[in-house]
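Here are a few notes to read alongside the structure. Take them in any order you like.

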Amino acid sequence: MGSRKKAKPSRSRKKAKPSPDQAVALDYVRAWAHPAASAPPPEPSAADAAGDDFLPHQAARMASGGGGSVLFELHSHSNHSDGFLSPSELVERAHRNGVKVLALTDHDTMAGIPEAVSAAHRFGMRIIPGVEISALYSPKEIAGTGEHVHILAYYGMCGPSRFDDLERMLSNIRDGRYLRARNMLAKLDRLKVPIKWEHVTKIAGEGVAPGRLHIARAMVEMGHIENIRQAFNKYIGDDGPAYATGSEPFAETVVQLINRTGGISALAHPWALKNPDAVIRALKGAGLNALEVYRSDGKVDGFSELAEKYDLLKIGGSDFHGRGGKDESDIGTVKLAITTLCSFLKMARPIWCSAMKDILLKFTEEPSTTNLGKMVMFGELINFNGFSSTGSGMDIVNLCLSSWLSNNGMEEVELEEVRLKLAHCVGKR
């Protein structure tokens, strides 16, 4: 027997040190994502803000070493739309997968946000209140024509300003979903694929507007097809014989509303579009901020270039629904670069701060129980049932301020102005 050569011991590769830009970005993102563990990042000076380059000076200390990352998940769904998990279960799964910041982006509803915020608090995670809005791109804005698109909206921890305007649009879309689902079932019945309405609504859950995924699940359970993908490919996909339209608003209108309500807008899964360049160009003109480019299997060819062409931030997410199987990416599988996350926050934080100020000042104009409830609807005070005394009202307002401002920041002069107005209006009650 010949002698065997001894295998050389493998040398573990040293982790590459972060570049100065990466180190600065990491420190900035960490400070925002973990407010309890570190002081919040300072606000920009006037000169820095003008150049859109406000990063904390102390971040330079990261350049000398240290690694790590902060995992954001920017696209996920719960059972408040077409996901399989409750918001609490979704948060718990995200936590197990190492996610530190989770955007819950249910279709056309923000009803799951309070539960997600409450669950995230137990794990030391942050929730970005979000929503994925169904829309229609039509160059000539003719109802019933054009291409269906989905637009993601990301809001600060205080939620959208002018929430009633946003909810009015979302409610109209949800109402249209019921009519759309009934039309799909009627078409399926004519195709000899009978599905009972009660079956679909049971799968969707109480108060949840039924979507195509709920119909697909009913088709699988009834044994008409083998899996959900087959339901879309054969029957209810965009070009399928059982497809039906809802009452989606025009895409440009959606983007404009997101801007007006203090959100960041992003076009979801543009690779599913027939004419992505035309859609992206039109939405950029309406104020679109970002484009999904990354998914679990990497960048999709061509869309990084489109994002650069139209000066859009490149983001991505798993689009997790929790249905299981090899066709779905798990939550947290899209690991965005720390510099991308930093760019996202640099864009978002001033917009979210402005929305926060707008919400607070609106309350000073009409300090009603209803408006106070709107102030806290996306925070930890989810069991708030109104207030009856001046003291408790101011306590709640102060809690909002301390919670929001510690993470979003506001110029001291602005803050004092808002505090005085709040104290005055609550004191009059």
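1. Start with the overall build: the protein chain has 15 helices and 8 strands. Keep in mind that this is a predicted model. Of the 429 residues in the protein chain, 52% are buried. The surface that the chain exposes comes to about 20700 Å², and carbon and sulfur atoms supply 50% of it.

2. How do the contacts spread along the sequence? Taking contacts between residues at least 6 apart in sequence, 71% join residues at least 24 apart.

3. Leucine 341 is a handy place to see this kind of link. You'll find leucine 341 in helix 12, which covers residues 338-365. Leucine 26 lies 315 residues away from leucine 341 in sequence, yet the two C-alpha atoms are 8.8 Å apart in space. If you skip the neighbours within four places in sequence, leucine 341 is in contact with Val29, Val70, Phe72 and Leu336. Is leucine 341 buried or exposed? Its relative accessible area is 1%, so leucine 341 counts as buried.

4. Next, have a look at strand 8, residues 313-316, which is covered on both faces. Leu313 and Ile315 are on one side, Lys314 and Gly316 are on the other, and all of them are buried. That layout follows a general habit: in a regular strand, side chains alternate between the two faces of the sheet. Strand 8 pairs with strand 6 (residues 290-295) in the parallel sense, over 4 bridges. Within this pairing, leucine 291 stands opposite lysine 314.

5. Lysine 314 deserves a second look. With a relative accessible area of 17%, lysine 314 falls under the 20% cut-off and therefore counts as buried. Its side chain meets that of glutamate 308 in a salt bridge, at 2.6 Å from N to O. Glutamate 308, on the other hand, is exposed, with a relative accessible area of 52%. Elsewhere, salt bridges that share partners join Arg162, Asp358 and Lys362 into one network.

6. How many salt bridges does a search of the whole structure find? The count is 11. One of them is between the side chains of lysine 274 and aspartate 239, at 3.3 Å from N to O. This pair links distant parts of the chain, 35 residues apart: lysine 274 is in the loop between strand 5 and helix 10, while aspartate 239 is in the loop between helix 8 (228-236) and helix 9 (251-260). Both lysine 274 and aspartate 239 are exposed.

7. For a salt bridge inside a helix, go to arginine 281 and aspartate 277, whose side chains meet at 2.9 Å, N to O. The two are 4 residues apart in helix 10, so about one helical turn separates them. Arginine 281 is partly exposed, at 47% relative accessibility.

8. Finally, check two backbone oddities. Most residues other than glycine have a negative phi. Arginine 162 is not a glycine, but has a positive phi of about 50°. Arginine 162 is in the loop between strand 4 (147-154) and helix 5 (163-190), and counts as partly exposed at 35% relative accessibility. Histidine 269 isn't a glycine either, and its phi is positive at about 25°. You'll find histidine 269 in the loop between strand 5 (264-267) and helix 10 (276-286). At 18% relative accessibility, histidine 269 counts as buried.

Methods. Residues numbered from 1 in each chain as written. Predicted model: local features only at pLDDT ≥ 70, side-chain atom pairs only at ≥ 80, totals over all residues. Heavy atoms only, no water. Buried < 20%, exposed > 50% of the residue type's maximum accessible area, 1.4 Å probe, protein only. Contact = heavy atoms within 4.5 Å. Areas by Shrake-Rupley, 256 points an atom, 1.4 Å probe, with all protein chains shown as cover. Pairing = 2+ DSSP bridges. Salt bridge = Lys/Arg side-chain N within 4 Å of Asp/Glu carboxyl O.
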